[in-house]
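Good morning, colleagues. Please have the sequence and the structure before you while I speak.

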Amino acid sequence: MNQRARIAMSDDDVTAFLEAASKLQLATINRDGTPHLVTMFYGLSEGRIAFWTYAKSQKARNLARDPRVTCLVETGDAYDELRGVLVYGRAERLDDRDRVMDVGMTVARRTAPGVPDELLRPYVEKTGLKRVAYVVERTKVVSWDHRRLT
């Protein structure tokens, strides 16, 4: 077995890894073709990465032009601790207010664990007025778990 195959996560491991994290690096494509890379809080919607952002943000403008994204979720400091999931895909914009609010609540719950929905909802409703949401349709997933090397 080659080293790449040894460190790749199973589909279940990828799912568990994405469920456990709350931040990702999101890359979109600027007008000039350069990457636009930002850290985003995210949630999962039916197993898909979901995030929201202000409708006038750079990432929203980039996605309106070109919906291709790369999402990186990673952890570990030492080489033998490195784990990560790289998701390539297309971001589908959600404009329906109920769906935007659902994504907002999903993200808020992950960023403020243990806070009751009734306390999160006013924030989500207020900031959600100017936001749009996206779900990422995966086209390719690459994963690694260097703990498997030892």
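I begin with a definition: two strands are said to pair if DSSP finds at least two bridges between them. The model I am presenting is a predicted one. With that term in hand, consider E3 and strand E4, residues 48-54, which run antiparallel and are joined by three bridges. Within this pair, Leu44 has Ile49 of E4 as its bridge partner.

Let me now place that pair in the sheet. Seven strands form an open sheet in the order E2-E1-E5-E6-E7-E4-E3, and the pairing is antiparallel. Which strands stand at the edges? They are E2 and strand E3, residues 43-45; each has a single partner strand, so one side of each is left without a neighbour in the sheet. From one strand to the next, the twist averages 35°.

I shall walk through the sheet from the E2 edge. E1 and E2 are antiparallel and share seven bridges. One residue pair to locate here is Thr28 with its bridge partner in E2, His36. The hairpin of these two strands has five residues between them, and in it Gly33 takes a positive phi near 90°.

E2 itself presents two faces. In a regular strand, side chains alternate between the two faces of the sheet. In E2 the covered face consists of His36, Val38 and Met40, whereas Pro35, Leu37, Thr39 and Phe41 make up the uncovered one.

Moving further along, E5 and E6 run antiparallel with eight bridges joining them, and Glu74 stands opposite Gly84 of E6. E6 in turn pairs with E7 in the antiparallel sense, over 12 bridges. Gly84 appears again in this pairing, where it stands opposite Trp144 in E7. Another position to mark is Tyr88, whose bridge partner in E7 is Lys140. E7 is also joined to E4, by five bridges and again antiparallel; there, Phe51 stands opposite Tyr134 of E7.

Next, the helices that meet this sheet. H2 lies across E3, E5, strand E6 (83-94) and strand E7 (131-145), and it runs at about 75° to E6. Helix H3, residues 58-65, packs on the sheet as well, touching E1, E2, E4, E5, E6 and E7. The direction of H3 makes about 50° with that of E1.

One residue of H3 deserves our attention, namely Leu63. Is Leu63 buried or exposed? Its relative accessible area is 6%. The cut-off for a buried residue is under 20%, so Leu63 is buried. Which residues does Leu63 touch, leaving aside its neighbours within four places in sequence? The contacts of Leu63 are Thr28, Phe51, Arg68, Val69, Ala91 and Tyr134. Among these are Phe51 and Tyr134, which we have just met standing opposite one another in E4 and E7. Thr28 is also on the list, and it is the bridge partner of His36. In addition, the C-alpha atoms of Leu63 and Arg90 are separated by 8.9 Å, although these residues lie 27 residues apart along the chain.

I turn finally to the pockets. Rolling a probe the size of a water molecule over the atoms shows where empty space is left. The largest pocket has a volume of about 230 Å³. It is lined by 13 residues, of which Ala21, Lys23, Val73, Glu74 and Thr75 are the closest to its centre. Helix H2 (11-20), strand E1 (23-29) and strand E5 (68-75) each supply at least two residues of this lining. Which of the elements gives the most? E5 does, with four residues. By character, the lining divides into six nonpolar, four polar and three charged residues.

The second largest pocket holds about 160 Å³ of space. Its lining includes Met40, Phe41, Trp52, Gly104, Val107 and Arg131. Met40 belongs to the covered face of E2, and Phe41 to the uncovered one. At least two lining residues come from each of strand E2 (35-41), helix H4 (97-111) and helix H5 (117-128), and H4 gives the most, with four. The lining of this second pocket comprises eight nonpolar residues, two polar and one charged.

To close, I would ask you to keep two positions in view: Leu63, buried in the model, and Glu74, which is among the residues closest to the centre of the largest pocket and stands opposite Gly84 in E6. Thank you for your attention.

How values were computed:
Residues are numbered from 1 along each chain as its sequence is written. This is a predicted model: local features need pLDDT of at least 70, side-chain atom pairs count only at pLDDT 80 or more; totals for chains, interfaces and linings use all residues. Side-chain values use heavy atoms; hydrogens and water are left out. On a 1 Å grid over the protein atoms alone, a cavity is a set of points where a 1.4 Å probe fits but cannot get out, and a pocket is an open set with protein on both sides within 12 Å along at least five of seven lines; lining residues have an atom within 4 Å of a point. Grid points are joined across faces, edges and corners, and a volume is the space filled by probe spheres set on the points. Ala, Val, Leu, Ile, Met, Phe, Trp, Tyr, Cys and Pro count as nonpolar, Asp, Glu, Lys and Arg as charged, and the others, Gly among them, as polar. Axes are lines fitted to C-alpha atoms, for helices over the stretch in contact, and angles run from 0 to 180 degrees between N-to-C directions. Contact means heavy atoms within 4.5 Å. Buried means under 20% relative accessible area, exposed over 50%, partly exposed in between (1.4 Å probe, protein chains only).
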